[in-house]
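Colleague: Please choose a single part of this model and take me through it closely, from its geometry to its surroundings. I would like one connected account, with each term's cut-offs given where the term comes in.

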Amino acid sequence: MAMVELNNLCKVYKTGSDTLTALDNLNLQLEKGDIFGFIGPNGAGKTTTIKIIATLLLPSAGTVRVNGVDALKEPGRARGFIGYMPDFFGVYDDIKVWEYLDFFAAAYKIPKDRRPGIISDVLELTDLSVKKDAYVESLSRGMKQRLCLAKTLVHDPPVMLLDEPASGLDPRARIEIRELLKELQAMGKTILISSHILPEMEEFCNKIGIIERGKMIVEGDVKTLAQNVRGYQSITLTVKANAEQALHMLQQMPELVQTPSICAENHKIAEGSLQMPRGCTLQFQYIGPPEEEYAVLQALVQAGIQVRSFFTPETDLEDLFMRVTKGQVA
Ligand SMILES: Nc1ncnc2c1ncn2[C@@H]1O[C@H](COP(=O)(O)OP(=O)(O)OP(=O)(O)O)[C@@H](O)[C@H]1O
Ligand SMILES: [Mg+2]
């Protein structure tokens, strides 16, 4: 049985005389243990979908089932299976971290004597034990985010809906959130997570769905998606010097499509010449046979180009994203 099942979900927002179709017959099925990366341009309909699953917004048409329960007919029961972390959330003033969690545990009808144990467990999981007695408003943004995640865990829900949980976090906090998600995955939870940090999504999601203008345009595991959508491998090359010579060589190679480009952030064009304080990065796409890919590197090295790195990511979600989305908003 699917843990989350959306069938022909539609949502039309009405503001005054205007109508906007935010979701257009969206279908989705998540099995137990799936970590589903929900990606799409701004305004694509991710938050709308997540809010509908979380029973906070009614769809205009379609059905929603969570752990087998019809979330439109029995929202109260469905909520018991869901931990929801919104994209923007407020925290209350004059309340301590443990009180905040206690409040939500009470709201989920967890008996009073069980709450202290649960609170200390979720604090430990989110690495916030030291802040148990701190006031919520005194926490940093990343800590507030982790507290919000702790809050979604108090009733031990099998399904977690996380709307951009890592936005605004520093690299360490992001890595910590990622580790936490892996722990939750190991605990068998089904997680739907939206994020714009695509390399991270690629790392821990077993399924990806790309939504644009309310429609799921592609869905599946990242590797299969990449194979279906692209027919090439992207390569990132860093050279110590002679970037122009490398560029010229690459432009002559028939196995490369799309004109190789020198990444703008890595160089300044001053008086017509390239200045490369820390080397120069070039990106291009290879369409030749995968087993011959090494020949590109070999040719560069034989020509005396000082190659610092030649990187071919396994799959490149950002690239996939750019290829399938059109940048149109509803
Ligand atoms: N309450 C609302 N009233 C009217 N239109 C809305 C409302 N909420 C969202 N929309 C519109 O619905 C569309 C989808 O918005 P949604 O917030 O679901 O996008 P999103 O994919 O979460 O985007 P982002 O990546 O920016 O968070 C947008 O065009 C948005 O303007
Ligand atoms: Mg959103």
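Modeller: A residue is called buried if 20 or more other C-beta atoms lie within 10 Å of its own, exposed if 12 or fewer do, and partly exposed in between, with C-beta atoms placed from the backbone. This is a predicted model, in which local features need pLDDT of at least 70 and side-chain atom pairs count only at pLDDT 80 or more, while totals for chains, interfaces and linings use all residues. Residues are numbered from 1 along each chain as its sequence is written, and chains are lettered from A and ligands numbered from 1 in the order in which they are written.

The part I have chosen is helix α5, residues 141–153; helices (H or I, at least four residues) and strands (E, at least two) are DSSP runs numbered from the N terminus. The 13 residues of α5 should span 18 Å at 1.5 Å a residue, and since its end C-alpha atoms lie 19 Å apart, the model agrees with that expectation, which is 1.5 Å times one less than the number of residues. Within α5, the buried residues are Q145, R146, L147, L149, A150, K151, T152 and L153. Their cover includes β6 (82–85), α3 (97–107), α4 (115–125), β7 and α6, and two valines, taken in turn, show some of these surroundings in detail.

V122 belongs to helix α4, one of the elements that cover α5, and counts as buried because 23 C-beta neighbours fall inside 10 Å. Setting aside residues up to four places away in sequence, V122 touches L101, A150, L153 and V154, where a contact means C-beta atoms, placed from the backbone, within 7 Å; A150 and L153 are among the buried residues of α5. V122 and T47, by contrast, are 25 Å apart from C-alpha to C-alpha, with their positions 75 residues apart in sequence.

V136 sits in the loop between α4 and α5, and its 20 C-beta neighbours inside 10 Å are why V136 counts as buried. Beyond neighbours within four places in sequence, V136 is in contact with V91, Y92, I95, K96, V97, Y100 and L147, of which L147 is a buried residue of α5 itself. V91 lies 45 residues from V136 along the chain, yet their C-alpha atoms are separated by 6.9 Å.

Helix α6, also part of the cover of α5, can be examined in the same manner. Its 16 residues, 171–186, should span 22 Å at 1.5 Å a residue, and the 23 Å between its end C-alpha atoms agrees. The buried residues of α6 are I177, L181 and L184. They cover an arc of only 60 degrees around the axis, which puts them on the same side of α6, the arc being that of the directions from the helix axis to the C-beta atoms. P171, R172, E179, E183 and A186, on the other side of α6, are exposed. Among the elements that cover the buried residues of α6 are β7 (159–163), β8 (190–194) and α7 (198–204), so β7 is listed in the cover of α5 as well as that of α6. After α6 comes G188, with a positive phi near 85 degrees.

As for the setting, the protein has 11 helices and 16 strands, and buried residues make up 33% of its 330 residues.
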